[in-house]
Amino acid sequence: MGGRSAGPAARVLVVAATHGNERNAAWLLEQWSRRPELLASAGLPLELVIGNPPAYAQNRRYLDRDLNRSFEPSLLADPTRQEREIQRARELLVAHGPQGQAPCAVAIDLHSTTSAMGNSLVVYGRRPADLALAAGIQARLGLPVYLHEADAAQTGFLVERWPAGLVIEVGPVPQGLITARIARQSQLALEAACATLAAARDRCLQLPAGLTLHVHHGSLDLPRDAAAGPGGHGQRPSSTLHPLRQGRDWWPLAPGDPLFWSLDGGVQLFDPAAAAAVEARSAPGARWPVFINEAAYGEKGIALSLTHRERLVCDPGWGEALTALMAA
């Protein structure tokens with residue numbers, strides 16, 4: 001699709017609507033299927049796939065369980081697990097996994113969020129090829145990168161089952177809504193990814209001096225009381241995010257900043273020590289919030305996640321790992 005390749009390259013999987021109510025990337029896939037020249041793909045062979053077609057048809061995030069938490073190897077290998085999303089995860093791996101029918105070396109998972117994340121990247125763990133891809137995109141567009149790692153409560157992400165990959169996350173946009181701005185930002189990030197992968201294919205990838213990451217420490221839930229929530233399920237929130245926190249993803253919190261606003265009108269302030277007591281992996285340096293008030297995370301007990309900022313020197317081995325994948 002588009003561009004001209006200097007040689008053979010590994011195939012790249014581009015997934016939209018892993019969550020069926022995230023519509024912008026799926027709209028782009030339909031546009032590109034009609035007009036391939038509208039995507040600057042640098043001559044890479046792309047597999048464009050709707051992640052969860054039944055959920056997408058119903059404009060629902062998922063039907064049985066979150067598809068983007070269904071790629072845990074133990075789940076995939078368990079024959080008793082027949083939830084529709086686990087079956088779909090198996091189908092995607094059979095079709096486009098590293099040993100699949102049309103194998104892909106890299107997976108790019110396109111998402112949108114109700115949080116004010118802007119145009120951003122999510123990387124899971126510190127695989128060298130992933131860090132090289134994130135560094136190449138950050139050098140081109142300056143996008144913030146959320147490094148999600150070591151969180152036992154959140155596992156089984158799609159891109160982890162491919163040799164390399166990352167998530168492009170764009171927001172804010174309401175669930176189920178398509179807007180040109182969000183779609184355009186998603187396309188720009190994907191084109192930067194394609195340019196980086198093409199440079200690796202052509203053995204001319206040049207990484208920047210460093211990569212800036214926001215490293216996950218843990219997540220905070222809303223304060224809750226003993227009363228049951230709607231439908232009698234769980235404890236209902238006794239507070240919401242404070243108005244000064246809404247839309248402030250990537251902005252560091254200072255001790256004493258307003259954090260939660262309670263039903264009785266009281267304000268709970270940000271206390272790094274208290275946050276560390278609630279979430280064991282949190283630390284005083286973990287003060288950059290991300291995914292603030294993401295609508296889909298209420299069921300996961302997440303009002304926001306806390307990160308610390310880390311600057312890594314780009315290792316030549318990162319680029320070598322990505323080149324080895326793309327120039328195979």
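**Where is R203 found?**

Let's start with some ground rules. This is a predicted model: local features need pLDDT of at least 70 and side-chain atom pairs count only at pLDDT 80 or more, while totals for chains, interfaces and linings use all residues. Residues are numbered from 1 along each chain as its sequence is written, and side-chain values use heavy atoms, leaving out hydrogens and water.

*Solution.* R203 sits in the loop between α6 and β7. Helices here (H or I, at least four residues) and strands (E, at least two) are DSSP runs, numbered from the N terminus. Next, look at accessibility: R203 is exposed, with a relative accessible area of 62%. The cut-offs are under 20% relative accessible area for buried, over 50% for exposed, and partly exposed in between (1.4 Å probe, protein chains only).

**Exercise 1. Work out the backbone features at R203, N59 and P172.**

*Solution.* Begin with the general rule: most residues other than glycine have a negative phi, and most peptide bonds are trans. Now R203: its phi is near 60°, a positive value in a residue other than glycine. N59 also has a positive phi, about 55°, although it is not a glycine. You'll find N59 in the loop between α2 (53–57) and α3 (73–77), and at 37% relative accessibility N59 counts as partly exposed. Last, P172: a cis peptide bond joins G171 to P172, with omega about 10°. P172 lies in the loop between β6 and α6.

**Exercise 2. Find the buried side of α8 and what packs on it.**

*Solution.* Step one: in α8 (residues 316–326), the buried residues are W318, G319, L322, T323 and M326. They cover an arc of only 130° around the axis, so they are on the same side of α8; the arc is that of the directions from the helix axis to the C-beta atoms. Step two: flip to the face turned away from that side, and you meet the exposed residues P316, E320 and A324. Step three: the cover over the buried residues includes β1 (12–16), β3 (106–112), α5 (128–141), α6 (180–201), β7 (210–220) and β14 (304–313). Step four: check the start of α8, where a side-chain oxygen of D315 comes to within 2.7 Å of the backbone nitrogen of G317.

**Exercise 3. Which residues does T196 touch, not counting residues up to four places away in sequence?**

*Solution.* T196 belongs to helix α6 and is buried, at a relative accessible area of 0%. With contact meaning heavy atoms within 4.5 Å, T196 touches A132, L133, G136, I137, R140, L205 and L322. Helix α6 also holds R201, which counts as buried at 6% relative accessibility. The R201 side chain makes a polar contact with the side chain of D202 (2.7 Å).

**Exercise 4. Place V167 and list its contacts.**

*Solution.* V167 is in strand β6 (residues 164–171). With a relative accessible area of 2%, V167 is buried. Not counting residues up to four places away in sequence, V167 touches D109, H111, S120, L121, V122 and Y124. Take H111 from that list: the C-alpha atoms of V167 and H111 are separated by 7.0 Å, though the two residues are 56 residues apart along the chain.

Conventions. Polar contact = N/O pair within 3.5 Å; in protein donor to acceptor, adjacent residues only side chain to side chain.
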